[in-house]
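User: Could you take a close look at one helix for me and walk me through how it sits in the protein? I am new to this, so please explain the terms as you go.

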Amino acid sequence: METPGSQSSLHRANLERVVRAVRLAGSLTQAEIARSTGLSAATVSNIVRELRDNGTVEVTPTSSGGRRARSVALSGDAGIVVGVDFGHSHLRVAVGNLAHQVLAEQSEPIDVDASASQGFDRAEELVGQLIEATGVGPGKVLGVGLGVPGPIDVETGALGSTAILPGWSGINPRQELADRLRMPVQVDNDANLGALGELVWGGGRGVKDLAYIKVASGVGAGLVIDGRIYRGPGGTAGEIGHITLDEAGPVCRCGNRGCLETFTAARYVLELLRGSHGPDLTMPRMVQLARDGDPGCRRVVADVGRHVGMGVASLCNLLNPSRIVLGGDLAEAGELVLSPIRESVARYAIPSAARQLSIVPGSLGARAEVLGALALALSEVGDSHLLDGTVPAVAPAFTG
């Protein structure tokens, strides 16, 4: 038995510290491990050698700053994680390893709103198929990340608003998927997972304070503060879509008037173009037409950008993030939407906050949320399990 404060317990703590740093980053050089953990270079070298010898990590030659270095990543045999992303009209599943490599991925259209049962039936099938495709046994799955298009109650794990997914009333998504897969599941909303995906793999890399804004069927923000997703005590932080822009504006699904969402979300925006472009126009098609020069679509995209910019300005004044990453279908419009966002931020945000802010499109596109689900699962893998070669049991309760 290890005594707290003993050499053996200190050594174990240092092992876990190194494993945690590598797990969260995907791969690091030994010098980067030393910087991120605060351990000496000699201690890191000895720990990496021990972890390599017992098969926990793999070490490969690389270069850093023009000098030869050694890259450290968790072993491909250490286990895998699964990401499941439910959108309103799609299901995407991915399987990755602990070195942040995506091993298999598949997406398909599905009416998620209509029936939770059908959605989970298909998710269960896809997860099984993709795990089989990797050639890694289900016993190597260390965790599953699940994304849903709505706020999650942090105490119960249930959806916080049945108005968003009426067919999911009474469903606890985390528990439902955990019961089906017999694997530990963590759940979060799609905006938070988009933020996590961009933070780990995309346009948010190297940034500790950012907001990921997703404009699609609804409008939401995933907030990253000091490198961690901020959810708030009730799990509803980031509901930027319900900032009031006009008290006499359209009635929102939340019951208030003039919310940001009523000026930017697909269900409201596309209605503006129904007369000129027909009833079958979609958000991606509108964006493409705007890129091709359609004057009506360009005007609507610009108006949406200005309204989103007003919400972003409020975020800047409150949280002072260093980067805004725009996701969802609207991000494909590029400067057609980014320039109006910047104009509104320059007008409405505190100048010092606006000067420090960069506004960029997400680099992961439609994959941001499922990669964020993988990152969520990776973040919850216990380092002791990796050192001991064990697989965590199914969690009995929500731990989001």
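Analyst: Let's begin with a term we need: a residue is buried when its relative accessible area is under 20%, exposed when it is over 50%, and partly exposed in between, using a 1.4 Å probe and protein chains only. Helices (H or I, at least four residues) and strands (E, at least two) are DSSP runs, numbered from the N terminus. This is a predicted model, in which local features need pLDDT of at least 70 and side-chain atom pairs count only at pLDDT 80 or more, while totals for chains, interfaces and linings use all residues. Residues are numbered from 1 along each chain as its sequence is written, and side-chain values use heavy atoms, with hydrogens and water left out.

Now to the helix itself. Helix α4 covers residues 116–134, which makes 19 residues. From its first C-alpha to its last it reaches 27 Å, close to the 27 Å expected at 1.5 Å a residue; the expected span is 1.5 Å times one less than the number of residues.

Which residues of α4 are buried? They are A116, G119, F120, A123, L126, V127, L130 and I131. These residues cover an arc of only 130° around the axis, which puts them on the same side of α4. The arc is that of the directions from the helix axis to the C-beta atoms. A general rule helps here: an α-helix has 3.6 residues a turn, so residues three or four places apart point the same way.

What does that buried side pack against? The buried residues of α4 pack against the strands β4 (80–86), β5 (90–97), β6 (102–109) and β7 (141–148), and also against helix α5 (173–181). Contact here means heavy atoms within 4.5 Å. Turned away from the buried side, the other face of α4 carries the exposed residues Q118, E132 and A133. After α4 comes G135, whose phi is positive, near 80°.

You can try the same reading on helix α2 (residues 30–37), where Q30, I33, A34 and T37 are buried. Seen down the axis of α2, these buried residues fall within an arc of 100°, so they line one face of the helix. They pack against α1 (7–25), β1 (27–29), α3 (41–53) and β3 (67–74). Helix α2 is followed by G38, with a positive phi near 80°.
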